[in-house]
Amino acid sequence: MAGATFPRGGVHPAEHKELTEHLAIEEMPPPQQVVIPVSMHFGAPAKPVVKKKQEVQEGDVIATVEKALGATIHSSVTGVVKTIESRPHPTMVRCDAIVIDRDPSAPPRVYEPQDWRKTTAEQLLAKVKDAGIVGLGGAGFPTHVKLSPPPSAKVDTLVLNGAECEPYLTTDHRIMLEHPQKVVEGTKVLLKILGIKKAVIGIELNKADAINAMTKAAKEASGQDEFTVAVQGMTVKYPQGSEKQLIYSLTQRSVPGGGLPFDVGVIVQNISTTLAIFEAATLNKPLYEKVATFSGRAIKRPANLKVKVGTVLSDVAAYLGGTTNDLTKIVSGGPMMGFAVSNLDVPITKTSSGVLFLSSSETDTGTYGPCIHCGWCLEACPMGLQPKEVAIYVEAGKGHQTEKFGVFECFECGCCAYVCPAKRPLVQFARLAKIQVKKHG
Amino acid sequence: MSPHIRLGRTTAGIMWTVIATLMPVLLLSIYVFGFRSLIITLVSVISCVVVEAISQKALGRPVSVTDGSAVLTGILMAFVIPPGVPYWLPLIGAVAAIFINKELMGGLGFNVWNPALVGRALLTASFPVYMTAAWIPPIDWSQSPLGVYLGGGVDAVSTATPLYVLRHYGLAALLEKFGDLSVIYKNFAIGLRPGCIGETSSLLLLAGGVFLMIRGIITWHIPVSTIATVAVLSWIFGGETWFTGNPLVHVLSGGLMLGAFYMCTDYVTSPTLKSGQIVFGMGVGLLTVLIRLKGGYPEGVCYAILLMNCLTPALDEWFKPKRFAPPKPAPVAAVK
């Protein structure tokens with residue numbers, strides 16, 4: 001099967017998925033204590049609605065965003081609020097967090113199944129909002145907002161992102177393999193909310209078993225209703241799962257710079273998000289558990305774990321047998337776009353798709369040299385930008401003049417820096433350029 | 001800092017790979033012209049490395065001679081110098097190539113002109129006698145005394161390059177001096193002809209170029225457009241009447257193969273985009289033939305490349321990557 005793909009750029013990093021792709025999702029026992037940051041989404045931080053020493057049940061609302069863009073946050077365990085204070089955060093360095101001591105005697109909360117088909121689209125959307133669901137691919141954009149496009153947008157297609165193009169990560173792969181019916185049902189919930197009929201799930205061809213499982217589940221679920229769910233194999237190429245590239249691969253539509261997917265009639269959702277939507281619609285279960293890949297050659301036992309939001313990395317590392325002496329870097333997310341974290345006190349958040357414990361042979365921590373104009377970054381850039389020029393402008397103190405290179409279309413996929421023989425930090429230069437253009441007005 | 005994984009290729013790796021592909025050329029040159037080739041190349045390499053280290057120290061930059069770029073410049077500069085020159089000559093070229101052309105312009109990546117060719121151009125302007133007359137015929141192993149092989153008696157055996165003969169006396173004289181066309185093709189392909197130290201072996205240079213293409217270090221765009229342009233133009237204009245020139249003699253002579261595969265493809269001084277590279281190669285080919293047929297020098301590759309280097313920033317400005325989906329231009333009404 002020839003895969004669908006995007007028109008230009010992209011790279012083929014070593015996948016390293018063999019470390020975890022054959023390991024079934026395993027439920028990690030809840031930790032003694034969870035640290036739940038009030039900011040795990042795009043938008044304003046949530047305001048805590050609990051106080052110190054207050055008892056909370058698993059699934060209770062503990063922080064909300066009233067007016068601004070944001071998402072509700074729930075307790076992932078039953079226990080007592082120990083404190084609310086600034087704690088380490090995977091992407092924001094530090095952030096206020098609600099620390100809850102778990103009551104070891106409390107049984108896990110049980111949710112009653114319901115038939116989502118008997119509820120209206122509006123009620124389903126409210127459930128998504130109440131469940132605190134955000135885009136789980138990494139950006140954490142509140143899902144209920146994404147599912148309410150302006151009336152002027154003529155959305156006709158739902159795209160499901162099963163590309164999982166980042167090396168190492170295998171969470172969406174395992175979810176599609178182990179819960180294909182849930183993903184298909186979640187897709188239909190999404191279609192009902194959006195009031196459209198057609199969804200397409202894009203999966204990279206390196207996940208043949210997931211393609212088979214999803215195709216079978218989609219086939220079995222067809223004909224029951226007006227919704228059609230198609231599965232499309234895609235070429236294995238990073239960044240196949242990037243929103244604009246994915247939309248092009250699956251629909252041949254180009255989202256123009258500064259535009260959003262609904263401008264070309266498409267809404268994109270992530271596989272993990274769809275599973276969370278399924279659970280919200282059929283169980284009323286809020287989002288406080290997360291499947292994440294823990295991999296890399298510096299963790300004793302790589303695994304795909306279902307963990308409570310707020311579990312700190314030291315608890316996960318201990319559960320997986322600890323780290324090796326060769327641990328060089330800890331990365332929250334994938335190795336191409338993830339963030340390095342400085343210690344193991346960082347909690348798992350809603351948007352953690354994985355945590356990598358990289359050994360010295362897996363990651364590059366050397367210095368960088370001058371640009372030799374080999375042009376490989378221009379070939380690699382999926383947006384057709386000129387990373388080398390942006391970097392040279394920033395180095396020369398002219399970062400504010402880089403808008404002509406389309407720097408705001410850069411979504412920091414890292415293809416340019418990945419191929420750079422001088423090991424230049426081109427993504428960081430692009431970030432500086434964006435800041436300097438904005439500052440300059 | 002993301003990305004946390006990187007491709008294995010490095011600047012130094014690229015430079016040392018290119019250097020490795022030039023070693024067979026150097027060995028053949030020692031066989032053809034004697035140990036003079038090796039000595040001049042060594043002087044050139046050491047001069048370039050020392051000048052780079054001193055320049056970087058003086059300019060307060062980190063010393064980066066291990067990245068191989070100065071070594072490569074040294075080898076390439078020696079390769080475009082006649083084998084009969086005095087041994088100290090490359091030292092002067094190194095100052096021009098490395099200190100003036102590279103370090104004073106900002107170091108690696110910021111030079112406008114190919115460093116090795118700047119060195120050669122300065123030497124040609126300053127020492128025209130050495131640079132245009134110090135040619136040595138290939139050593140005949142069965143006839144030559146060991147002294148010749150070790151580098152003595154240069155004046156006694158100085159000769160003329162094929163392009164010089166072709167330019168001033170015509171194809172008939174070339175055939176008389178170097179043998180039938182079939183002999184010329186064979187000897188010129190192997191490298192058994194007078195010429196600069198590293199330019200004579202078309203086959204080894206071609207093999208090195210192909211290897212670099214397979215490794216993804218260079219692409220076909222510049223070498224093919226350069227060589228094809230020289231071949232077509234020398235066929236059209238290179239003879240007594242139109243369309244009677246001999247393209248193969250032109251392609252196998254002078255420094256075209258070395259220039260096309262190793263000088264034109266210098267990342268820093270050539271356009272970045274494939275489309276710009278093809279125009280660049282065609283420009284080099286055109287200027288080379290123009291200088292060879294109409295200019296004052298019998299050979300034009302060096303100046304052709306240096307002139308096209310001047311156009312590289314413009315070509316990079318004219319040829320830009322195609323954007324995936326740029327912002328839609330604002331409607332005219334909105335602009336007003």
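In this predicted model, 23 residues of domain 1 of chain B are in contact with 24 residues of domain 2 of chain B. To find these two parts in the sequence, use the domain assignment of chain B: domain 1 covers 9-159, and domain 2 is made of 161-193 + 201-318. Taken over C-alpha atoms, the centres of the two domains of chain B are separated by 20 Å.

Which helices of chain B each supply at least two residues of the side of domain 1 that touches domain 2? They are helix H1 (11-33), helix H3 (69-79) and helix H5 (115-126) of chain B. H1(B) gives the largest share of that side, with nine residues. Sorted by character, the residues on this side of domain 1 of chain B are 17 nonpolar, five polar and one charged.

Next, look at a pair of helices in chain B. The axes of helix H12 (residues 221-237) and helix H14 (residues 256-263) of chain B come within 8 Å and cross at roughly 155°. Because of this angle, H12(B) is roughly antiparallel to H14(B), angles over 145 degrees being counted that way. The crossing of H12(B) and H14(B) is right-handed.

You can pick out the residues that meet here. From H12(B) come B:Pro223, B:Thr226, B:Ile227 and B:Val230, and they meet B:Leu256, B:Ala260 and B:Phe261 of H14(B). In this contact of H12(B) with H14(B), six residues are nonpolar, one is polar and none is charged.

Here are the two sets of contact residues from chain B side by side.

| Residues in chain B | Nonpolar | Polar | Charged |
|---|---|---|---|
| Side of domain 1 that touches domain 2 | 17 residues | five residues | one residue |
| Contact of H12(B) with H14(B) | six residues | one residue | no residues |

Now turn to chain A. Here you will find an open sheet of six strands with mixed pairing, in the order E1-E14-E13-E17-E15-E16. Which strands of chain A are at the edges? They are strand E1 (26-27) and strand E16 (339-341) of chain A, each of which pairs on one side only.

Within this sheet, strand E13 (residues 289-295) and strand E14 (residues 303-308) of chain A pair in the antiparallel sense over six bridges. As a landmark, find A:Ala292, which stands opposite A:Leu305 in E14(A). A helix packs on the sheet too: helix H3 (residues 171-178) of chain A touches E13, E14 and strand E17 (354-359) of chain A. The direction of H3(A) makes about 120° with that of E13(A).

Note on methods: Residues are numbered from 1 along each chain as its sequence is written. Chains are lettered from A and ligands numbered from 1 in the order in which they are written. This is a predicted model: local features need pLDDT of at least 70, side-chain atom pairs count only at pLDDT 80 or more; totals for chains, interfaces and linings use all residues. Axes are lines fitted to C-alpha atoms, for helices over the stretch in contact, and angles run from 0 to 180 degrees between N-to-C directions. Helices (H or I, at least four residues) and strands (E, at least two) are DSSP runs, numbered from the N terminus. Angles under 35 degrees count as roughly parallel, over 145 as roughly antiparallel, 65 to 115 as roughly perpendicular and the rest as oblique. A crossing is left-handed if the near helix is turned anticlockwise from the far one by less than a right angle, and right-handed if clockwise. Two residues are in contact if their C-beta atoms, placed from the backbone, lie within 7 Å. Ala, Val, Leu, Ile, Met, Phe, Trp, Tyr, Cys and Pro count as nonpolar, Asp, Glu, Lys and Arg as charged, and the others, Gly among them, as polar. Domain bounds come from an automatic or database domain assignment. Two strands pair if DSSP finds at least two bridges between them.
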